[in-house]
2 protein chains.
Amino acid sequence: MKDKRQQILETALKLFVENGFHATPTSMIAKEAGVATGTLFHHFKTKEELINTLYLETKEILIQALTKQVNEQDTLKSKFRQVFYNAINWAISHPDHQFFYSQYSYSPFISTLTRELGLQRFHVIQELLKEGQENDILKAIPIGLMIDTAQGTLDGITNYLMEHPEKIDDREFTEQAFSMFWDVLKG
Amino acid sequence: MKDKRQQILETALKLFVENGFHATPTSMIAKEAGVATGTLFHHFKTKEELINTLYLETKEILIQALTKQVNEQDTLKSKFRQVFYNAINWAISHPDHQFFYSQYSYSPFISTLTRELGLQRFHVIQELLKEGQENDILKAIPIGLMIDTAQGTLDGITNYLMEHPEKIDDREFTEQAFSMFWDVLKG
DNA sequence: ATTCGAATTGACTAATCAGTCGGTAAAGCT
DNA sequence: AGCTTTACCGACTGATTAGTCAATTCGAAT
């Protein structure tokens, strides 16, 4: 009898990615997870609580992944390169989490909570952006525009890589991709 | 009297943006539109057909908007500038359509259809991108990456403008925003 | 061994949903 | 005018849903 709670979360993630939140009944999650519906509602008071838990958990490990090895780097560009590689590598190796995150971000029914917390995903990047602007390395534009554009560009590159995962090992390719990301930012 | 169909579509768009597809019952759409449920299902065989109709309609007017005045421009950069301004102006003046489009694109339950058609949204841009690559004006990278990144960057900028609509009239600001978009692409 | 809370079960329910159907009113056509 | 098609209505249905609950098992501490 291993952790049923964890089993529920993993199954829910998979099914949410396949069917979406609303099109995935709790009964289906329970069945697929090999658990009674009562067990599901024992661990999560409501379906929404299950979804939110999944989101917060995903966000946590994403932030951990993005931050890796960044502080050790010297130049600002190197730091951005590190974050960039962290981001694309994470997406490739956790496709379900990545899809779930996108799906959650664009779903309207939790939008208020999300849009506030959503920015925190790029808190690391935000700090780097500010640092770069203060040192006149990056474009002198409103920080909000900088953040949204950086996020959008990164999402676009990530989307492409998700459908061409083999490219992740092509050093020349990934460096080209990074140069797009960098060119958006640099002044 | 012929407007009931249109009334249903408009009401559905509004409610879908507010609640999401699945969280918006057909009964709610009918009620809000001042129409019987039978009427709704007379015009649209299923709920999914209603959603798809809304998507196709939205796509159509978006494409029209993006293409405006593009051919008249002389240089490639001017053409991109025109598309860029068309895109952000459309988003600002049709926020519900814009939200609906994003929501639809990221929802998994119609994903296969969407991901194929989704690219068509940027068919205009695709042609321009190819032209730019052939003339060594743009980055020499896989066209797919170019498309996804351009779309991502544009989406990011659009997202920012949606929350700061007043900036659309700031000529200096929008030109800065365009320079980010252009820097992603240019070689 | 006994106790007690937490974990687990699955039949159950009240609510809600997409879609139907039989019928009425209005347009369109000849 | 008559005749046909299309638009419209709203009560109804069968299926499905999130969430409940009384009963049972598990696990660990006393």
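**Exercise 1. Contacts with DNA strand C**

Which atom of Thr26(B) lies 2.7 Å from a phosphate oxygen of DNA strand C: a backbone atom or a side-chain atom? Describe the protein surface around the strand in this predicted model.

*Solution.*

Step 1. Begin with Thr26(B): a backbone N or O atom of this residue lies 2.7 Å from a phosphate oxygen of DNA strand C.

Step 2. Add the elements. Those that give two or more residues to the surface near DNA strand C are α3 (37-43) of chain A and α3 (37-43) of chain B. The most comes from α3(A), with five residues.

Step 3. Look for further phosphate contacts. In chain A, a polar side-chain atom of His42(A) is 2.7 Å from a phosphate oxygen of DNA strand C, and a backbone N or O atom of Ala36(A) is 3.0 Å from a phosphate oxygen of that strand.

Step 4. Widen the view to the whole surface. DNA strand C is surrounded by 16 residues, the closest being Thr39(A), His42(A), His43(A), Thr26(B) and Lys47(B). Of the strand's atoms that come within 4 Å of the protein, 68% belong to sugar and phosphate.

Step 5. Classify the residues. The surface near DNA strand C comprises nine polar, five nonpolar and two charged residues.

**Exercise 2. Positive phi in chain B**

Locate Gln69(B) and Asp136(B), and state the phi and the accessibility of each residue.

*Solution.*

Step 1. Recall the general expectation: most residues other than glycine have a negative phi.

Step 2. Read the angles. Gln69(B) has a positive phi, near 60°, and phi of Asp136(B) is also positive, near 60°.

Step 3. Place the residues. Gln69(B) belongs to the loop between α4 (47-67) and α5 (76-93) of chain B. Asp136(B) belongs to the loop between α8 (123-134) and α9 (143-163) of that chain.

Step 4. Assign exposure. The relative accessibility of Gln69(B) is 46%, so this residue counts as partly exposed. Asp136(B) has a relative accessible area of 69% and is therefore exposed.

**Exercise 3. Helix α5 and its surroundings**

Test the length of α5(B) against expectation, then determine how far the helix is enclosed and what Lys79(A) and Glu131(B) touch.

*Solution.*

Step 1. Compare the spans. With 18 residues at 1.5 Å a residue, α5(B) should span 26 Å, and its end C-alpha atoms are indeed 26 Å apart.

Step 2. Consider burial. Because 13 of its 18 residues are buried, α5(B) is largely enclosed by the rest of the structure.

Step 3. Turn to α5 of chain A, which holds Lys79(A). Lys79(A) has a relative accessibility of 15% and so counts as buried. Leaving aside residues up to four places away in sequence, Lys79(A) touches Val70(A), Gln73(A), Asp74(A), Leu128(A) and Glu131(A).

Step 4. Examine Glu131(B), in helix α8 of chain B. With a relative accessibility of 30%, Glu131(B) counts as partly exposed. Under the same sequence exclusion, Glu131(B) touches Leu76(B) and Lys79(B).

**Exercise 4. Relation between the chains**

What rotation and what shift superpose chain B on chain A?

*Solution.*

Step 1. State the general form: two copies of a chain are related by a rotation about an axis and a shift along it.

Step 2. Insert the values. The rotation is 180° and the shift along its axis is 0.0 Å, with an RMSD of 0.1 Å.

Step 3. Name the relation: this is that of a two-fold axis.

Step 4. Check the interface. Both copies use the same surface, as 97% of the contact residues of chain B recur in chain A.

Terms used: Residues are numbered from 1 along each chain as its sequence is written. Chains are lettered from A and ligands numbered from 1 in the order in which they are written. This is a predicted model: local features need pLDDT of at least 70, side-chain atom pairs count only at pLDDT 80 or more; totals for chains, interfaces and linings use all residues. Side-chain values use heavy atoms; hydrogens and water are left out. A residue is near a molecule or strand if one of its heavy atoms lies within 4 Å of it. A polar contact is a pair of N or O atoms within 3.5 Å; within protein, one must be able to donate a hydrogen and the other to accept it, and residues adjacent in sequence count only if both atoms are side-chain atoms. Helices (H or I, at least four residues) and strands (E, at least two) are DSSP runs, numbered from the N terminus. Ala, Val, Leu, Ile, Met, Phe, Trp, Tyr, Cys and Pro count as nonpolar, Asp, Glu, Lys and Arg as charged, and the others, Gly among them, as polar. Buried means under 20% relative accessible area, exposed over 50%, partly exposed in between (1.4 Å probe, protein chains only). The expected span of a helix is 1.5 Å times one less than its number of residues. Copies are superposed by least squares on the C-alpha atoms of residues with pLDDT of at least 70 in both. Contact means heavy atoms within 4.5 Å.
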